[in-house]
Amino acid sequence: MTLSFDPDTISLPQYHFIGGERVMASEGIAMHRPSDGVAFGYCPIASADLVDQAVQTAKATLKSSNWGGVRPRDRVNAMQRWADLIERDAEYLAKLEAVSSTRPVGHLIAGDIAVTAEQIRFFAEFADKEGSDLVPTSDASLGMIMTEPYGVVGAITPWNFPLSMAGWKLGPALAAGNAVVLKPSEMTPFSTLHIAELSVEAGIPAGLINVVLGDGMVTGNAMTGHTDISKVSFTGSTAAGSAIMQNVARTGIKPMTLELGGKSPQVVFADADIDRTAKAVAQSIISNAGQACVAGSRLIVAKEIAEELIAAITSIMRKVETGPTWDEKTQYSPIISQKQIERIDAIVRAAIGAGAECLSGGQIMDRDGYFYAPTLLGNVTQDSPAVTEEIFGPVLTLQTFEDEEEALALADHPTYGLAAGVFTRDLSRAIRVTRRLQAGTIWVNRYGRSRDHILPTGGYKSSGIGKDLGREAYMANRKSKSVLIDL
């Protein structure tokens, strides 16, 4: 299979998808390709009225189809067919996503699309395996904890991993018997539209998945503040998550799952395997050019091995090969937009101005598109803007420690607690440190998610509320009631 393609030959689905029908739109937000900066299309903006149409369609379809009340295996079978169709259309989906996003087409085929299909199959299997509980009471009564769907779930996904983030939201919500109104990022909407259409082809009732395109101010606010949306699920920045919480509170109270920002530490002890650690640390900040909430952006290393580890990491960083996302040979991603690359560079400049030393990279790359060189900043302090701010780019900071207590003090961030990495050959230390790190996900002698979808993800502190993935994500899409019957 030859994956490289001409981006100008791809027809883009610039419409909303409501009730199984394409709702056309003639204007919207101008879009630029990250790989070359070329203006190439627009993203429609759904008005509050259109959002209401999508919500009412979802609500009516949920009732008419009895999706939440059918034999659970019927939900499983339909979702399994949906996953099959996603794999069938993998090449087309990869091209749709590569045009507008930061994801190289080869990475999409090998990773994102396959993972999305896996996630849908994983959550589908919960539908007929997770149920209500009979709980111990006196012999004179019968106690039960019953679960049921929420109804219409409002989901908002980010631009950095559009397909797999859609899978995070749609998979558990549909398996648990809900309908969904989903707003993808206005910068990367196209592949989400196609998988929504595939759901209808798979036999999922038209109207259970509705996709409205738009921005946060208009479309997002209309969704999260809608009184007929029973639950909100969002992945994105901490600032946007805070705004969503405020908007929800203005119109009522509803449950939320918020996977938000991070500033994740990677703590490397003196006994760590240098080569293995260097590869994991470098990859964590090179992958998608650091544009991931869980990016391991803070390197905290034992002083006695710092020099050797830095040399190994910078060697890897300097070998990255850039290219457009539609070239199958490309391994290193562009930055999503001109605005974001300017923000990254401004934080790096500010950190250097505050005393940081640039050990590698530190500049916008001289080529078409929005590419930033993988960067390592040394001599940073806890109040450096490169340490305090979520940069969302390929910037790694370096701090050293002399003992375990100092390492833990440096790792503890006042704002974020999404993920962390620990590198050591001492199992006792690994367990001890893991227990004390304030983060929702911790990796030991590796950094990054696996395809073990059973492991939930979610943060401490301002990194979020609730969990995506795992059994927890399925249960977060069902509400419970307690029942006590006197016999």
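Polar contacts come first here: 12 residue pairs, both partners at pLDDT 80 or more, make one across the interface of domain 1 and domain 2. A polar contact is a pair of N or O atoms within 3.5 Å, where, within protein, one must be able to donate a hydrogen and the other to accept it, and residues adjacent in sequence count only if both atoms are side-chain atoms. Salt bridges (a side-chain nitrogen of Lys or Arg within 4 Å of a carboxyl oxygen of Asp or Glu) number 0 across that interface.

This is a predicted model, so local features need pLDDT of at least 70 and side-chain atom pairs count only at pLDDT 80 or more, while totals for chains, interfaces and linings use all residues. Residues are numbered from 1 along each chain as its sequence is written, and side-chain values use heavy atoms, with hydrogens and water left out.

**The two domains**
- The protein chain splits into domain 1 (15–260 + 463–486) and domain 2 (265–444), with bounds from an automatic or database domain assignment.
- Their C-alpha centres sit 31 Å apart.

**Where they meet**
- On domain 1, 26 residues are in contact with 26 residues of domain 2, contact being heavy atoms within 4.5 Å.
- About 2,100 Å² is buried between the domains, and carbon and sulfur atoms give 60% of that; buried area is the accessible area (1.4 Å probe) that two parts lose on being put together, summed over both.
- Ser35, Thr102 and Ser463 of domain 1 lose the most area to domain 2, together 26% of what that side buries.
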